[in-house]
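Thanks for making room for me this morning; I would like to talk through some aromatic contacts, and I will put the sequence and the structure up before I begin.

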Amino acid sequence: PPQQFLFSGISMTMSKKNNRLYWLVPPFFVLVSLAIYANTFEAPFYLDDFRNITENISLRSEGLTLTDIAEAIRESPIKTRGISYLSFALNYHFHQYRVFGYHLVNTAIHAISAILLFYVLALTLRLPAAGKAYRYPRELAFIAALLWLTHPIQTQAVTYIVQRMTSMAAMFYLLAFLFFILGRLAAKGVKRTLLFLCCLAAWLLAMGSKEIAITLPFLLFLYEWYFFQDLDRAWLKRQIPVLLLPLLALIALAFLYTDFNPLDTLLGYGRRDFTLSERVLTECRVFFFYLSLLLLPYPGRLSLEHDFSISKSLLDPATTGVSILALAAILVAAAALAKRKRLLSFCILWFVGNLILESSVFPLEILFEHRLYLPSMLFFLFITVLAFQNCKSHRLIVALGLCLAFLLGFWTYQQNHIWSDPVLFWRSSVKNSPLNARARNNLGAALSHAGQDDEALEEIHRALSLMPDFVNAYVNLGNVYLRKRSFDQAIVNYQKALQLKPDYYGVYGNLGNAYFRKGDAAKALEAYNEALANDPGIVEARVNRGAIYAQRGFLQMAAEDFEKAAELSPENADIHYNLGLLYTEINSLEKALAAFEKALRLKPSDKSAKQQVDRLKARLNPSGIKGM
């Protein structure tokens, strides 16, 4: 029988033919996602991936007990994003740091989000309050969701592994929206209650993925007023007391998410090179830059880093004041359209409302493309609705939409190719933003890892000419000189970095490495002690300090350092092998055998480890008699 959705005495029916089409969309979107992101599955980790994934020791649990799960969430760098970290912990559990699995999950999240978007749009377009002009809701929803799915702007949220935080939050956000709509369409009773509880659960999962989901209650309230209450002002006035409860809940969440110090978080501009007022003024221009990226998204315009000047006043640059007026005009237009073009009005408010958290007063970076992932969802609905309303042939619009989706998918594939190689990636960023010091510094680091040290030095020095107090550039200079065995120059640059940022304890580990390779064990030990006293998780510092202890005859202390290093980096065969040598020296033969066997499992081709295993087995069981 046909399915019926009932609300306010209005019946909506989906025919069997339409129902079949709804089931064809999910597999199609999955295939499209795999096609345009197929060349990302071996793309390496970048930037924040290291802090949040590869250097995050709380993810390295070998079990999946509740204790392991709680640890992965509790000890992560951003404790309010436990759901995201839990997903990273699961990735690590099954395949450690092999990037294929991380990218596969990210691509799956993107496909699921597009499928959910399609169903949310299809249901919304069938609501009478959305407008009677939408005769082809399935086709309209399909094209809008497909354009969002294939658009190159999404690559930063999908291909940049750590931005799973954004895409996962958006996925649960959409799921909550879908449950809310289904709950409103369901008859009053247990089913409606369960759907609303599912909506709440999905929102909590979204909040546990990233804080951008905090806007959901406001957008749901707005959706209710627009599409179920027919913009009834009397109803709106009656809801003011009801709104106090979620408002208080949001205030409580704000305290929780800022460690009960929201004012410090709001005013924490000390580490930025812009003030609160400058950021707010600049974000009005960023808003229109985002729109330009959505309208003209060819790969040459996209980048992880963008050169974007700071607005110093309403007239500096002159586009600041113009942008503020234009943004105000857009909001006025949204209000004016509410009665006649309700869906278009809601699309505008969705876009602005979901940008406002990361584009307002908080001391975040000026702009990132992944911030458009959630707001852009209804941008494509806006464009598609205009096309359907201004063209008599819906088939022509569908055909043009498919052609545009193919072009966008091609550009997405091209953009993803850039992510596959760090040198190519950062060269593209520098080409896009030649005055961006961070892009040049990161290009220098990538060139050094690729063995192109001379060109690396040139790029890092250019970065320092753009930003003379750039701490990370001095660290990377030290790393390049260390790689070139210019130990004194490496030491000078590490010391300069520590002068600028004395609490950058990881640099003490790098400084210790320079002294260690120079042959100054005393100063190396001093630097390693400083590093590990403040950050016990620096593996290389553990290993090298252990080596110094071993050289000086402190074998037990050396073994303790190597034990901790093996715990921090359980997949490193060399650490286990050296730990086996230390255990042998202190006559802990059974421990030595276990360490050598672990090294051999990790590196089966290691002949030395095989010899050590055979030798120790012979010593521990000289008779050769097998136990039962």
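Phe45 is buried in this predicted model, its relative accessible area being 13%, which is under the 20% cut-off and therefore earns that label. Tyr97, by contrast, comes out at 27% and so counts as partly exposed.

Those two residues belong together, because their rings form a pair: the centres lie 6.5 Å apart and the planes meet at 85°, which is over 60 degrees and therefore edge-to-face. What the pair does along the chain is link distant parts, with Phe45 in the loop between helix H1 (16-36) and helix H2 (48-54), and Tyr97 in the loop between helix H4 (82-95) and helix H5 (99-125), 52 residues apart.

Let me turn to a second pair, Phe177 and Tyr223, whose ring centres are 5.3 Å apart and whose planes are at 85°, so that this pair is edge-to-face as well. Here the link runs between helices, since Phe177 sits in helix H8 (residues 164-185) and Tyr223 in helix H10 (residues 216-228), 46 residues apart. Phe177 and Tyr223 are both buried.

Phe177 and Tyr223 also belong to one aromatic cluster, whose members include Tyr173, Phe180, Trp225, Phe228, Phe346 and Trp350. Over the ring of Phe228 we find the charged end of Arg184, 4.4 Å from the ring centre; elsewhere, the charged end of Lys501 sits over the ring of Tyr504, at 4.9 Å from its centre.

For context, I should add that the structure holds 41 aromatic pairs, among them the two I have described, Phe45 with Tyr97 and Phe177 with Tyr223.

Conventions. Residues are numbered from 1 along each chain as its sequence is written. This is a predicted model: local features need pLDDT of at least 70, side-chain atom pairs count only at pLDDT 80 or more; totals for chains, interfaces and linings use all residues. Side-chain values use heavy atoms; hydrogens and water are left out. Rings of Phe, Tyr and Trp (its six-membered ring) pair if their centres lie within 6.5 Å; planes under 30 degrees apart count as stacked, over 60 as edge-to-face and the rest as tilted. Helices (H or I, at least four residues) and strands (E, at least two) are DSSP runs, numbered from the N terminus. Buried means under 20% relative accessible area, exposed over 50%, partly exposed in between (1.4 Å probe, protein chains only). A charge sits over a ring if NZ of Lys or CZ of Arg is within 6 Å of the ring centre and within 35 degrees of the ring normal.
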